[in-house]
Amino acid sequence: MPEPIIIAPSILSADFARLGDEIEAIDAAGADWIHCDVMDGHFVPNISFGLDVIKAIRPLSAKAFDVHLMIAPADPYLEAFAKAGADVITVHAEAGPHLDRSLQAIRAFGKRAGVAICPATSEQALAHVLDRLDLILVMSVNPGFGGQSFIRSQLEKIRRVRAMIGDRPIRLEVDGGVNVETAAAVVAAGADTIVAGSSVFRGATPEAYRDNIAAIKAAAEAGRRR
Ligand code: DX5
Ligand code: ZN
């Protein structure tokens, strides 16, 4: 039996003026994980939110907090994100020279360790750290902004990463431009964890969130049957 598909709405597309309500709404609407995009204006050309925001929203949901760090350096902040309530902490392979050390640190803080790779980065960046990983995140847009179009060349990379994982207990997450149109192809290529920002928060009501998550999940499950 393959692992169940996880849908992780990215709160980057939430209404930040009502962030607490938005977290509670996506939790009730069927989100499996809460994906938190942390951006520093240095590793990526945008600034989002950081530790204090994650700390503030942590009590609002019992779902796993999937923290995607688009920051360089990441190492000085790993302990603080662990303490702020992250369950999964993902660093970018491109963000620092000592990926192996970053992953060891995340696990030492008792958290699940992830590595993200940008569209231009080869899956070979993962080859020597597979045994330190709980999650691989393949970026299907260039990180920094929600609402961009899915880069189709990443489907082949997803297939290669799936083959690299073999029977290791590593989740394969895809982030960027995933919606009802692209979810099936992503899952057919081997992903089991889907980040979706704009396609979940479209409509801006709790009812719309429920419908959007259900539609993305159904499309993803259809991809499994391909
Ligand atoms: C992009 C972020 C994504 C983003 C996804 O840098 O890592 O998580 O919010 O947004 P959509 O689903 O709108 O592409
Ligand atoms: Zn993300």
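Reader: Hello! What does Leu 103 touch, not counting residues up to four places away in sequence?

Author: Leaving out those sequence neighbours, Leu 103 touches Val 91, Ala 113, Gly 114, Val 115, Val 129, Arg 132 and Leu 133, where contact means heavy atoms within 4.5 Å. This is a predicted model, in which local features need pLDDT of at least 70 and side-chain atom pairs count only at pLDDT 80 or more, while totals for chains, interfaces and linings use all residues. Residues are numbered from 1 along each chain as its sequence is written, chains are lettered from A and ligands numbered from 1 in the order in which they are written, and side-chain values use heavy atoms, with hydrogens and water left out.

Reader: Which residues touch the most other members of the largest nonpolar core?

Author: Leu 103 is one of them, along with Ile 11, Ile 54, Leu 69, Ile 136 and Ile 194, in a core of 66 residues. A nonpolar core is a set of buried Ala, Val, Leu, Ile, Met, Phe, Trp, Tyr and Cys residues joined through side-chain atoms within 4.5 Å. Another core, of 11 residues, lies apart from it and includes Ile 6, Ala 64, Leu 137 and Val 141.

Reader: Why is Ser 122 called partly exposed?

Author: Its relative accessibility is 36%, and buried means under 20% relative accessible area, exposed over 50%, partly exposed in between (1.4 Å probe, protein chains only). Ser 122 therefore counts as partly exposed. You will find Ser 122 in the loop between S5 and S6.

Reader: How do you know that the span of helix H5 agrees with what is expected?

Author: Helices are DSSP runs of H or I with at least four residues, strands are runs of E with at least two, and both are numbered from the N terminus. The expected span is 1.5 Å times one less than the number of residues. For the 12 residues of H5 (residues 154-165) this gives 16 Å, and the end C-alpha atoms are 16 Å apart, so the two agree.

Reader: And what covers the buried residues of H5?

Author: The cover includes strands S5 (112-117), S6 (135-139) and S7 (171-175) and helix H6 (183-188). Among the buried residues of H5 are Leu 155, Ile 158 and Val 161.

Reader: What makes the pair of Asp 175 and ligand 1 a polar contact?

Author: An N or O atom in the side chain of Asp 175 is 2.7 Å from an oxygen atom of ligand 1. A polar contact is a pair of N or O atoms within 3.5 Å; within protein, one must be able to donate a hydrogen and the other to accept it, and residues adjacent in sequence count only if both atoms are side-chain atoms. The Asp 175 pair therefore qualifies. For His 68 the distance to an oxygen atom of ligand 1 is 3.2 Å.
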